[in-house]
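Please look over the sequence and the model shown here before reading on. The report that follows takes up the nonpolar cores, a helix, the cysteines and some totals for the chain.

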Amino acid sequence: MPPRCCTQPIPSTIIKSILNREEQTIFMKSVLQFSTPWEARIFCPNLICGEFIPRRTKIDPKHPFEVVCRKCRTRACSTCKRAAHAFGQDCPADWELDAVLQMGEKSGWRRCYKCRTLVELTQGCSHITCRCKAQFCYICGAVWDPMVGCPNYCNGEEELERRRLEEEARLAELEKEKAEQEARELAEAAENAEAERRTKSSKELNELRARQINERDRFCSFERKMKWMMWTKHGQSKLDVLDRYGELLTKMKERHARTTTHLEDRQVAAEMELRANHKQAARSVKIRLRHMEAYCDGLGRNASGPNPARVVTERDLRELGHQYNLRDDMERLHQSKINVMRDKQAKQMEQLLTRQEEELEKLGSKQDEELESLEESFVSEEESFYNIFRIRKSRLKRIWLINEEIARKRLEDNEGVKFAPMEPIEWPDKEIVQDEGLQAVDE
């Protein structure tokens, strides 16, 4: 609650456009009901009604543990969620009230007959006036008569004196129990000290402790050795991966260098070939221009000898001018072609370098992934290693305790006196110095 669509609450405008007024009322009651935790929901105890009773905004001071149904005005108990109890009757499901009543009964408190409030008398007479204006006798709980007083004629002073004597007797009993407890504790402390002295002076228990310390040292040495061997294997595995990828990186760089050199050689050869073609084209244009100039130099000459007269047309002159233009623009055209080819070659070289960088990045990422996977396997192996040695350590401690109990039981049966448990064996810190690890490997 409230109803949702695609994890978002349905807007009220959509609800108003779909439901009529009566359906909207039912919908809002349902939202109010299902928004209340199930353990706090209260329904009308009237079988004919059964309406949901929402939470109270204000508490009725006369009936603080009751709620009222808005439909049929039936009262219900907010503690047991059933019909309201009669005036002066406690709810059987209110375990907190039962606990307070039991404490009040032990302390001699009295409940008001009208509002059922607990009252404690610390000083004064037995005539009690409750905050609800009810008057009663604190000793017997009877209704106080303004003319006679207590109808049972209880003597308040005698009752208070009796209670005072009972309280003094109770305090004396507590003091006596406390003194006895202190005496028992002192005797037990003395007995424990004597048992500890016997334990420290026992030859059999000292020999057992020496064997246990020897087992602890051998266990710690074996643990250091296995741990150092594991770390050495981990380091060697990581070095092998780094060496393998280092060789791959060197070979890849050599291959990239060869590829780059080969591409540069091909580009230089292509440029040299283009320049040679340009020189050949320039030579051809010069030769053609020289012939056309020699032909056009005879413009207007008459025939001499066996040679016929030269006829130079306008077309020949235009062709000659075109050849002049070709000669003048040839250098710029050739340079532009060379620049275009150089741009293409530079782009090819850039693409090649980009591909090579991508290959290097892929190789580096592959190395990182393998190292990460290797590190995860190392962590898992290290955790299993620690778990195994933790289990072995706890098992060894249990064996020591059993052996110690057997030895103490045997001594107690033989000598007829009590022996205290030995102090726990101290274990070294988890931190291992490198030299100690190397000594463990040497062992």
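## Cores, cysteines and chain totals

In this predicted model, the largest nonpolar core is made of nine residues, namely Phe219, Cys220, Met230, Phe385, Phe389, Leu396, Trp400, Ile425 and Trp427. At least two residues of this core come from each of two helices, H5 (203-296) and H6 (314-415), and H6 is the greatest contributor, with four residues. Leaving aside residues up to four places away in sequence, Cys220 is in touch with Trp427 and Pro428. Separate from this group is a second core of eight residues, among them Leu121, Ile128, Phe136 and Tyr138. Such groupings fit a broader tendency: in soluble globular proteins, nonpolar side chains tend to be buried together.

The cysteines deserve a careful reading. A disulfide is a covalent bond between the sulfur atoms of two cysteines, and with a cut-off of 2.5 Å between the sulfur atoms, the count in this model comes to zero disulfides. The sulfur of Cys49 has its closest cysteine sulfur in Cys69, but because the two are 3.7 Å apart, they are too far from each other for a bond. Cys137 is likewise in no disulfide, the nearest cysteine sulfur being that of Cys150, at 3.7 Å. The table sets out how accessible Cys49 and Cys137 are.

| Residue | Relative accessibility | Class |
|---|---|---|
| Cys49 | 18% | buried |
| Cys137 | 0% | buried |

Since the class of buried residues ends at 20% relative accessible area, Cys49 at 18% falls within it.

Helix H2 allows a check of geometry. How far apart should the ends of its 14 residues, 21-34, lie? At 1.5 Å a residue the expected span is 20 Å, and because the C-alpha atoms at the two ends are 20 Å apart, the model agrees with that expectation. At the start of H2, Asn20 places a side-chain oxygen within 3.3 Å of the backbone nitrogen of Glu22.

Turning to the protein chain as a whole, seven helices and 10 strands are assigned. Of its 443 residues, 23% are buried, and its accessible surface comes to about 33,000 Å², with 53% of that area belonging to carbon and sulfur atoms. Among contacts in the protein chain with a separation of 6 or more, 54% join residues that are 24 or more positions apart.

Key: Residues are numbered from 1 along each chain as its sequence is written. This is a predicted model: local features need pLDDT of at least 70, side-chain atom pairs count only at pLDDT 80 or more; totals for chains, interfaces and linings use all residues. Side-chain values use heavy atoms; hydrogens and water are left out. A nonpolar core is a set of buried Ala, Val, Leu, Ile, Met, Phe, Trp, Tyr and Cys residues joined through side-chain atoms within 4.5 Å. Buried means under 20% relative accessible area, exposed over 50%, partly exposed in between (1.4 Å probe, protein chains only). Contact means heavy atoms within 4.5 Å. The expected span of a helix is 1.5 Å times one less than its number of residues. A polar contact is a pair of N or O atoms within 3.5 Å; within protein, one must be able to donate a hydrogen and the other to accept it, and residues adjacent in sequence count only if both atoms are side-chain atoms. Accessible areas come from the Shrake-Rupley method with a 1.4 Å probe; for residues, only the protein chains shown count as cover.
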